Each structure stands twice: as structure tokens, then as C-alpha cells.
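Please consider the sequence and the structure shown below. The paragraphs that follow lead through the strands, their pairing and some features of the backbone.

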Amino acid sequence: DGSQTVFAITGGLSTISLGYLVHIDGVYQKSTNYTINAITPRELTMSSAVPAGSEITIVSLSTL
């Protein structure tokens, strides 16, 4: 809706931003543009709202 900043991460293990690759509409997002919470379930919080209708891809790089 153009105002959402928090997104659930299913299966995400890491609590640090560098443990994830985030793309919005195919554009890589710097890890300084978001944070990851330290509780389960993990959530990614963007520093600014994601435009309505955008596709967000979150890839966890951590297996531990």
C-alpha cells in the first residue's frame, strides 16, 4: 500500500543485515537500508516505505 516498512522473513536465521540479500523490483538494497529483529519470527524493517505493488525478494545467506 506504499506505507509498509515491516516484512516477515520465513526461515530466516541470521539477526544481522549482512546475512540477507534484499531486492525491491530487482534492485539490490544496501544492508544499511534495513534492520533484522533478533526474535522469532524474524522481521525485516526497511528504513523507508516500499512502493505499492513492488516485488520484494529476501534471501537468507545463513544456514546456522
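**Strands, turns and a buried methionine**

In this predicted model, Asp25 has a relative accessibility of 49%, so this residue counts as partly exposed. The residue sits in the loop that links strand S2 (20-24) to strand S3 (27-29). Its phi is near 50°, a positive value in a residue other than glycine. Most residues other than glycine have a negative phi. The setting of this backbone angle is a hairpin of S2 and S3, with two residues between the strands.

The two arms of this hairpin run antiparallel and are joined by three bridges. Within that pairing, His23 stands opposite Tyr28 in S3. S2 also pairs with strand S6 (residues 56-60), again in the antiparallel sense, over five bridges. There, Thr57 in S6 is the bridge partner of His23. His23 thus has a partner in S3 and another in S6.

The side chains of S2 alternate between two faces. Tyr20, Val22 and Ile24 point to one face and are buried, whereas Leu21 and His23 point to the other face and are not buried.

Attention now turns to another set of strands. An open sheet of three strands is arranged in the order S1-S5-S4, and its pairing is antiparallel. Strand S1 (6-9) and S4 are at the edges; each has a single partner strand, so one side of each lacks a neighbour in the sheet. From one strand to the next, the twist averages 25°. In general, the strands of a sheet pair through backbone hydrogen bonds. Between S1 and S5, the antiparallel pairing comprises four bridges, and Val6 stands opposite Thr45 in S5.

Is Met46, a residue of strand S5, buried or exposed? With a relative accessible area of 8%, Met46 falls under the 20% cut-off and is therefore buried. Leaving aside residues up to four places away in sequence, Met46 touches Thr5, Phe7, Ile24, Gln29, Asn33 and Tyr34. One of these contacts, Ile24, is among the buried side chains of S2. The C-alpha atoms of Met46 and Val6 are separated by 6.4 Å, although the two residues are 40 residues apart along the chain.

A further backbone feature lies in the loop between strand S4 (34-36) and strand S5 (42-46), where Pro41 is placed. The peptide bond joining Thr40 and Pro41 is cis, with omega about 0°. Most peptide bonds are trans.

How values were computed: Residues numbered from 1 in each chain as written. Predicted model: local features only at pLDDT ≥ 70, side-chain atom pairs only at ≥ 80, totals over all residues. Heavy atoms only, no water. Buried < 20%, exposed > 50% of the residue type's maximum accessible area, 1.4 Å probe, protein only. Pairing = 2+ DSSP bridges. Contact = heavy atoms within 4.5 Å. Axes fitted to C-alpha atoms, helices over the stretch in contact; angles between N-to-C directions.
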